[in-house]
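Student: Please take a close look at one part of this model for me, starting with a single side chain and working outwards. I would like the cut-offs along the way.

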Amino acid sequence: MTSNSLDKPWRRSGRAGYALRRVRALLHPPVSVYEMSADVRKDQDVEVRLRDGVTLRLNLFRPAGRSDPLPVIVSAHPYGKDAVPRRRRGRWSLNPQFRIMNQPAPLKISDQTSWEAPDPVWWAQQGFAVINLDVRGGGRSEGSGRLFSDQEADDIAQVIEWAAARPWSNGRVGMLGVSYLAISQYKVAALGPPALRAICPWEGFTDAYRDFFTPGGVVENGFARVWLFLSSRVARLEGGVAAERRRHPLRDQWWRAITPDLARIRVPILVCTSFSDANLHSAGSMRAFQQAGSRHRHAYAHRGPKWATFYSQQARSCQLAFLNRYLRGEDVAEPPPLRLEIRDRGDHIVEVRDEQEWPLARTEWRRLHLAGDGTLRQTQPGTGRTAFDLRRNAARFDHRFDQDTELSGPMTLRLQVATRGGEGSSAVRRRREVGPGPPRAVRGVLRLRARPHRPGTPPTGGTGDRREAEHRPSARARL
């Protein structure tokens with residue numbers, strides 16, 4: 001395998017093919033929708049009154065005709081539980097993100113499936129009671145909400161205890177969902193409501209500052225701004241994150257307050273930690289797997305499309321076995337600590353393995369040194385340097401392996417960097433590509449002004465340096 005050794009004709013054809021696929025997906029997303037069948041019962045806008053008098057509303061799905069107590073699955077989010085596919089002029093309307101964001105593989109959901117929530121029809125058919133909850137300020141629920149907040153977590157915990165006490169419930173509740181529907185699980189689990197027996201956060205970051213809004217000290221003003229704007233349109237929010245992040249450019253107490261204490265999570269956890277979402281959830285998901293306080297920690301690692309994987313038969317089977325074990329008490333095998341997917345290119349899985357730890361105990365760690373000729377070498381070269389214009393160029397280092405090599409595990413990059421004649425607020429990006437048809441295996445961004453101190457802590461220069469590190473644009477050097 002080679003690093004960054006793809007020839008230009010392949011790059012041109014690869015980019016053209018990728019662009020064509022994106023256009024096709026924009027016009028015709030590979031998403032099929034089926035109607036809820038008569039064997040599923042839906043209760044619309046069920047009300048739950050909280051301790052402070054605010055009423056939250058949820059949709060409840062159960063298998064029709066059954067009177068025996070059921071295990072419960074809760075998903076909670078601000079996006080609106082009733083924002084589901086609708087049939088219009090013979091076609092199904094879909095969430096615009098299915099068109100805008102890359103989704104190369106097909107998936108199938110029911111017409112009751114809200115954004116990034118478990119398909120309630122499918123889960124009801126498996127014998128679960130499924131709750132799709134509008135959090136405070138979202139959808140049909142009352143009040144004004146605060147994203148990532150302790151208040152939101154306490155609200156959800158109250159709904160969990162309410163659900164456990166219903167006659168249709170067996171008293172055991174789990175949580176399941178993607179992205180924000182995963183993030184909302186961490187703080188709830190850390191509170192430890194007695195009825196919550198398991199959580200399944202499917203690709204959800206754990207540190208809003210480091211993973212999303214300011215990774216490596218670089219302010220994220222792309223998707224973060226879009227998400228904040230759209231969230232403010234679909235939910236009634238107070239103390240918005242958009243305003244707070246301007247008031248708190250560094251990772252101070254405000255950011256720490258919205259960060260879940262993973263060590264307090266004691267319930268069994270099955271976390272999906274994708275290697276295909278490095279811009280958002282990958283680092284935080286792996287952090288949840290490694291730092292959760294539960295004795296029963298399991299990770300489902302993959303490199304496939306986010307939503308197609310979540311709704312796939314293979315992933316659902318894993319989720320179902322996990323929830324059957326902990327919500328029904330069935331005698332099914334405990335999931336492996338880590339499900340690891342090995343690929344030799346973006347669309348080809350070589351092997352799927354069950355592993356016992358991360359990093360892998362049998363890892364052969366290898367140190368590579370940056371050489372002045374633009375290569376990475378196992379032998380340490382002599383003193384050298386490379387210089388370039390941060391706004392126009394980049395430094396690039398290639399490495400060619402002399403045999404097939406599996407790259408499974410964390411990678412670090414250590415640099416000695418100096419800037420001259422500029423503001424010194426550039427950033428370093430590191431990535432690893434394997435060809436042909438390369439998956440990106442490692443990605444990292446670091447603002448040089450954020451070192452040697454940790455990103456989010458004040459430099460010795462005082463408040464002036466802090467303002468510059470937050471607001472000045474940064475060029476990037478790709479390594």
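Tutor: Phe212 has a relative accessible area of 4%, so this residue counts as buried. Here, buried stands for under 20% relative accessible area, exposed for over 50%, and partly exposed for what lies in between, with a 1.4 Å probe and protein chains only. Phe223, at 33%, is therefore partly exposed.

A word on where these values come from. The model is predicted, so local features need pLDDT of at least 70 and side-chain atom pairs count only at pLDDT 80 or more, while totals for chains, interfaces and linings use all residues. Residues are numbered from 1 along each chain as its sequence is written, and side-chain values use heavy atoms, with hydrogens and water left out.

Now to the rings. A pair of aromatic rings is described by the distance of the centres and the angle of the planes. Rings of Phe, Tyr and Trp (for Trp, the six-membered ring) pair if their centres lie within 6.5 Å; planes under 30 degrees apart are called stacked, over 60 edge-to-face, and the rest tilted. The structure holds 21 such aromatic pairs. One of them joins Trp123 and Phe128: with ring centres 5.4 Å apart and planes at 80°, the pair is edge-to-face. Our starting residue gives a tilted example, since Phe212 and Phe223 sit 5.9 Å centre to centre with 45° between the planes. That pair links distant parts of the chain, with Phe212 in helix 6 (residues 208-213) and Phe223 in helix 7, 11 residues apart. Helices are DSSP runs of H or I with at least four residues, strands are runs of E with at least two, and both are numbered from the N terminus. Phe212 and Phe223 also belong to a wider cluster linked by ring pairs, whose members include Tyr79, Phe148, Tyr180, Trp227 and Trp254.

Let us follow Phe223 to the outside. Together with Val226, Phe229 and Leu230, Phe223 forms a nonpolar patch on the surface, with about 350 Å² of accessible area in total. Patches are made of residues with over 30% relative accessible area and no salt bridge; like charges are joined within 9 Å, and nonpolar side chains (Val, Leu, Ile, Met, Phe, Trp, Tyr) within 5 Å. The areas come from the Shrake-Rupley method with a 1.4 Å probe, and for residues only the protein chains shown count as cover. Val226 lies in helix 7, which spans residues 223-234, and its 44% relative accessibility makes Val226 partly exposed.

For contrast, here is a residue of the interior. Val271 is in strand 11 (residues 269-274) and is buried, at 0% relative accessibility. Leaving out residues up to four places away in sequence, Val271 touches Tyr186, Pro201, Ser285, Ala288, Phe289, His298, Ala299 and Tyr300, a contact being heavy atoms within 4.5 Å. The C-alpha atoms of Val271 and Ile199 are 8.1 Å apart, although 72 residues separate the two along the chain.

Charged side chains add links of another kind. A salt bridge is a side-chain nitrogen of Lys or Arg within 4 Å of a carboxyl oxygen of Asp or Glu, and the structure holds 28 of them. In the one between Lys187 and Asp150, the closest N and O atoms are 2.6 Å apart. Because Lys187 lies in helix 5 (residues 180-191) and Asp150 in helix 4 (residues 150-164), the bridge ties together parts that are 37 residues apart in sequence. Lys187 is buried, at 12% relative accessibility. The bridge between Glu244 and Arg247, with 3.0 Å between the closest N and O atoms, stays within helix 8 (residues 241-247), where being 3 residues apart separates the partners by about one helical turn. Glu244 is buried at 12%, whereas Arg247 is exposed at 55%.

Finally, the cysteines. A disulfide is a pair of cysteine sulfur atoms within 2.5 Å, and a search of the whole structure finds 0 of them. For Cys200, the closest cysteine sulfur is that of Cys318, and 7.3 Å is too far for a bond. Cys200 is itself buried, at 0% relative accessibility.
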